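Have your viewer ready, with a selection panel open and a colour scheme you like. We will go through the model stop by stop, with something to select at each one.

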Amino acid sequence: MTGKLRLATTSLAGCFGCHTSFLDIDERIIPLLERVSFDRSPLTDVKHAGACDVGLIEGGVCNEENLHVLREFRAGCRTLVAVGACAITGGLPAQRNRFDVGALLHDVYVAEPGLTRRGVPDDVELPRLFDRVRPVHEFVKVDYFLPGCPPPADAFWAFLTALLDGREPALPKELLRYD
Amino acid sequence: MSRSAFTLDGAEVPFDDGQTLIEAARAARRYVPFLCAHPDYPAHGSCRVCTVLVNGRPMAACTTKAAAGQVVESDTPALTADRRALVQMLFVEGNHFCPGCEKSGGCTLQSLGIELGVTSAGFAHESPVRPVDASHPDLLLDFDRCILCELCVRASADVDGKHVFALSGRGLHKHLIVNAESGRLVDTGMSVDDAAASVCPVGVILKKRVGFSTPIGQRPHDVATPRQQVEGKEGA
């Protein structure tokens with residue numbers, strides 16, 4: 001391997017909006033790639049994260065598979081970063097927390113008018129839903145949080161360049177937002 | 001002519017008799033982080049965010065009267081850490097979903113978190129279940145966001161003379177209630193023009209049909225954060 005910092009990214013219960021915002025660093029991705037190589041990420045299609053320097057996690061934990069991936073990232077990544085409202089608070093998917101999961105599945109897959117096939121999907125490959133959507137820090141230790149829905153591209157840039165330069169990442173107030 | 005003064009983080013702040021520390025600081029355009037304090041209402045002293053050290057002792061700046069010669073410290077790493085923890089606890093006790101909240105960009109709790117550099121709620125979320133009251137034709141109550149500051153209680157009782165709101169229960173079970181036999185806002189005398197309808201610092205009491213009408217970048221705290229409002233500076 002090169003001396004590049006190894007970076008993995010993934011989305012759990014998220015919308016990939018944080019990844020899209022990350023890509024909004026635009027042409028700055030070229031100098032970034034001179035210092036960073038991507039491990040597991042939607043950008044590489046690598047399926048499992050190996051040993052990495054930094055892991056960026058978008059999305060909260062809503063099912064068994066999310067938790068499995070989160071633990072794999074925590075085990076493999078020296079520095080784990082929760083990115084965006086969903087990873088940090090549960091976000092939009094957590095708006096279901098006030099409802100019973102069984103009742104929700106019934107409403108969506110059985111009671112909903114106009115369905116051609118009724119029945120709650122039960123394929124064994126489908127991960128089971130948790131009763132509540134929870135932020136990642138409620139399951140594993142998180143080293144840094146990058147808030148926003150999504151965090152601005154400049155926040156990704158400021159954060160990653162600080163890490164690369166060996167500085168403690170600290171966002172200026174202009175780049176710190178919860179919406 | 002000399003007025004009495006205390007020092008705030010080393011700078012002299014003059015005050016008039018009877019002024020609290022936060023009132024005198026505000027008059028001198030010096031920001032002390034606050035949440036439940038409001039210049040138009042008597043102090044409540046419940047959120048403790050404005051806690052400062054007065055001659056070394058922690059005191060709420062909104063309830064402590066200014067006195068000559070006090071040495072007041074506000075901007076210290078320890079106090080900032082305490083304030084962050086208070087804000088984080090408020091975030092996990094309710095359901096504060098900023099990306100979907102009409103109050104985002106004008107919310108005192110949100111702006112305080114950003115002011116203090118809070119990047120995560122830190123603690124485990126309570127995820128309480130608190131149904132919305134949308135019964136009133138012009139107003140909506142989203143109890144998920146209540147921080148128990150009692151500003152609506154104070155405004156409704158002291159200004160509107162209607163006593164529409166109260167806090168009920170104790171400790172973690174304390175919650176905002178509506179003064180009607182049905183418990184619903186539609187069965188009170190509340191009007192959209194009441195002071196209580198506009199005083200909520202977070203997104204509990206919302207006016208219907210005006211949500212998200214102000215674009216991002218022009219919302220109240222986009223224009224001037226609470227700190228900038230106190231310091232008399234407009235934002236970027």
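**Stop 1: the start of chain B**

Select strand β1 (residues 5–8) and strand β2 (residues 11–14) of chain B: they run antiparallel and are joined by four bridges. To follow one of the pairings, click A5(B), whose bridge partner in β2(B) is P14(B). Two residues lie between the strands of this hairpin, and D9(B) takes a positive phi near 50° there.

Bear in mind as you look around that this is a predicted model. The average pLDDT of chain B is 95, and 98% of its residues score at least 70. For the complex, the predictor gives an ipTM of 0.92 and a pTM of 0.94.

Stay with β1(B) and show its side chains. F6(B) and L8(B) make up the covered face, while A5(B) and T7(B) make up the uncovered one. Now add strand β5 (residues 71–73) of chain B, which runs parallel to β1(B) and is joined to it by two bridges. Here L8(B) has V72(B) as its bridge partner in β5(B).

**Stop 2: a second hairpin**

Move on to strand β3 (residues 51–54) and strand β4 (residues 57–60) of chain B, an antiparallel pair with four bridges. V52(B) is a good one to label, as it stands opposite M59(B) in β4(B). This hairpin has two residues between its strands, and N55(B) takes a positive phi near 50°.

**Stop 3: two arginines with positive phi**

Most residues other than glycine have a negative phi, and most peptide bonds are trans. With that in mind, select R48(B), where phi is near 65°. You will find R48(B) in the loop between α1 and β3 of chain B. R48(B) counts as partly exposed because 16 other C-beta atoms lie within 10 Å.

Next, select R209(B), with a phi near 70°. R209(B) sits in the loop between β9 and α5 (220–223) of chain B. Is R209(B) buried or exposed? It has 8 C-beta neighbours inside 10 Å, so R209(B) counts as exposed.

**Stop 4: a buried arginine**

Another arginine to pick is R26(B), in helix α1 (residues 21–27) of chain B. R26(B) is buried because 21 other C-beta atoms lie within 10 Å, and the threshold for that label is 20 or more. Leaving out residues up to four places away in sequence, R26(B) touches P39(B) and V230(B). For a sense of scale, draw a distance line from the C-alpha atom of R26(B) to that of G183(B): the separation is 38 Å, for residues 157 apart along the chain.

**Stop 5: the two domains of chain B**

Colour residues 5–75 of chain B as domain 1 and 81–223 as domain 2, following the domain assignment. Taken over C-alpha atoms, the centres of these two domains of chain B are 25 Å apart. Where they touch, 11 residues of domain 1 are in contact with 16 residues of domain 2. The domain 1 side of this contact has six nonpolar, four polar and one charged residues.

Now select helix α4 (residues 151–159) of chain B, where L151(B), C152(B), V153(B), R154(B), A155(B) and S156(B) are buried. What do the buried residues of α4(B) pack against? They pack against β7 (165–168) and β9 (205–207) of chain B. Just after the helix, G161(B) takes a positive phi of about 65°.

**Stop 6: across to chain A**

Show both chains and select the contacts between them: 23 residues of chain A are in contact with 16 residues of chain B. On the chain A side, α4 (84–89) and β6 (129–134) each supply at least two residues. The largest share, three residues, comes from α4(A). By class, this side of chain A divides into 10 nonpolar, six polar and seven charged residues.

**Stop 7: the sheet of chain A**

Switch to a cartoon view of chain A and pick out an open sheet of five strands, with parallel pairing and the order β2-β1-β3-β5-β7. At the edges stand β2 (36–38) and β7 (144–146) of chain A, each with a single partner strand, so one side of each is left without a neighbour in the sheet. From one strand to the next, the twist averages 30°.

Zoom in on strand β5 (residues 77–83) of chain A and β7(A), which pair in the parallel sense over three bridges. In this pair, F145(A) in β7(A) is the bridge partner of A82(A).

For the last selection, take C149(A) and P150(A): the peptide bond joining them is cis, with omega about -5°. P150(A) lies in the loop between β7 and α6 (153–164) of chain A.

Definitions and conventions: Residues numbered from 1 in each chain as written. Chains lettered and ligands numbered in written order. Predicted model: local features only at pLDDT ≥ 70, side-chain atom pairs only at ≥ 80, totals over all residues. Buried ≥ 20, exposed ≤ 12 C-beta atoms within 10 Å, placed from the backbone. Contact = placed C-beta atoms within 7 Å. Nonpolar A, V, L, I, M, F, W, Y, C, P; charged D, E, K, R; others polar. Pairing = 2+ DSSP bridges. Axes fitted to C-alpha atoms, helices over the stretch in contact; angles between N-to-C directions. pLDDT = per-residue confidence, 0-100. Domains from an automatic or database assignment.
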